[in-house]
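Trainee: I should like to work through this structure with you, step by step. May we begin with the terms that are required?

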Amino acid sequence: MRNSISVDTLPRANSRVMTSEFGRDLLMGLAQTPRSIPPKYFYDAVGSALFDRICDLPEYYLTRTEQTILSTHASEIAEWIGPHAEIVEFGAGSLKKIQTLLDAFDTDRSPARYLPIDISGEHIAQAAAQLRARYPTLLVQPIIGDYTAPLTLPPTDTRIGQRVGFFPGSTLGNFHPDEALAFLRSAAGMLRGGSLLIGIDLIKHPARLHAAYNDSQGVTAAFNLNVLRRANNELGADFDTDQFNHHAIYHPVLQRIEMHLISRREQTVSIGDQRVLFSEGDTIHTESSYKYTIDGFRSLAVKAGFRAGPVWTDRERQFSVHWLHAPRG
Ligand code: AVI
């Protein structure tokens, strides 16, 4: 085996590493061939701030285009959502995207309850307070947790209308196809009788994709490298972030952008009492971002149990927003 650590050696790692989920996942990922780190570890406070900057980059068309689609079709989407709905947002972050939908309702039909789910409790409480101030009739009940794991939602009541899942940003693209199918299946169960509104990035010219993940200001590179800095801060690892290069490339057969960190030279990194040897050119696969065709995504949703509804897209068909009906039960 080419890698210098293996899963068998994991119990010897020190407790700071092994008591942390990040530490265990990091050692596990680095023991595999090819090496990998799960992308959810990008999002500490620094990584989340870098991701917010990515969303505003000129090359990163995803956020802007989705926002345009949502605002252009907001009243039609509000019709599909219907009166006094309950909106469950998966990975809600700063609670900004929901506001485009909330603003599309007449007061007498506006959503009754909003359940933003996010792993990071840091910003959500403050963002929830601001949202309550802006929409006083909306019941905002944040749920701190991993939305990919089974979650118990607060009980609904008869005054609440349809339950609508909201999963913007093409975050589903960061799931491998089997995980995407599993997530959609569990969402179909959670939303039983309701609907899912989901943003999905579309296949396009590789040059456009390449630019979006290799921006000229180097923000995506900093975002990618930040996972190593996080390992240094939280686990006492000693990655030299100057000795890894950001690499992002579109793989047309797998229909995904792959992000990697490539070792610039032979080097040994310590993580707890483990040593990880990198040869020059060794890569750590840090993220996949799958791109779909509209039909390809609708087929996946149907396979997961949804009935496909309307799809909204922009003029250049860069990005898509799908309405999916969850089965009744
Ligand atoms: C969160 N997710 C949809 C982003 C994407 O485009 O896959 C994460 C990202 N990675 C690099 N740039 C942005």
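Mentor: Ala, Val, Leu, Ile, Met, Phe, Trp, Tyr, Cys and Pro count as nonpolar, Asp, Glu, Lys and Arg as charged, and the others, Gly among them, as polar. Please bear in mind that the model is predicted.

Trainee: How many nonpolar residues does the lining of the largest cavity have?

Mentor: The lining consists of F51, C55, Y60, L62, T63, K97 and G169. Under the classes just given, Lys is charged and Gly is polar. The lining thus has one charged and two polar residues, and its nonpolar residues number four.

Trainee: Which helices each supply at least two residues of that lining?

Mentor: The lining includes F51, C55, L62 and T63. One helix spans 45–55 and another spans 61–72. The helices that each supply at least two lining residues are α3 and α4.

Trainee: Which strands stand at the edges of the open sheet of four strands, and why is one side of each left without a neighbour?

Mentor: The order of the open sheet is β1-β12-β9-β8, with mixed pairing. Each edge strand has a single partner strand, so one side of each is left without a neighbour in the sheet; these strands are β1 (35–36) and β8 (244–251).

Trainee: Which residue stands opposite R35 in β12?

Mentor: Strand β1 is joined by two bridges to β12, residues 283–290, and the two run parallel. Opposite R35, in β12, stands I284.

Trainee: At about what angle to β9 does helix α10 run?

Mentor: Helix α10 comprises residues 219–235 and lies across β8, β9 and β12. Relative to β9 (256–263), helix α10 runs at about 60°.

Conventions
Residues are numbered from 1 along each chain as its sequence is written. This is a predicted model: local features need pLDDT of at least 70, side-chain atom pairs count only at pLDDT 80 or more; totals for chains, interfaces and linings use all residues. Side-chain values use heavy atoms; hydrogens and water are left out. On a 1 Å grid over the protein atoms alone, a cavity is a set of points where a 1.4 Å probe fits but cannot get out, and a pocket is an open set with protein on both sides within 12 Å along at least five of seven lines; lining residues have an atom within 4 Å of a point. Two strands pair if DSSP finds at least two bridges between them. Contact means heavy atoms within 4.5 Å. Axes are lines fitted to C-alpha atoms, for helices over the stretch in contact, and angles run from 0 to 180 degrees between N-to-C directions.
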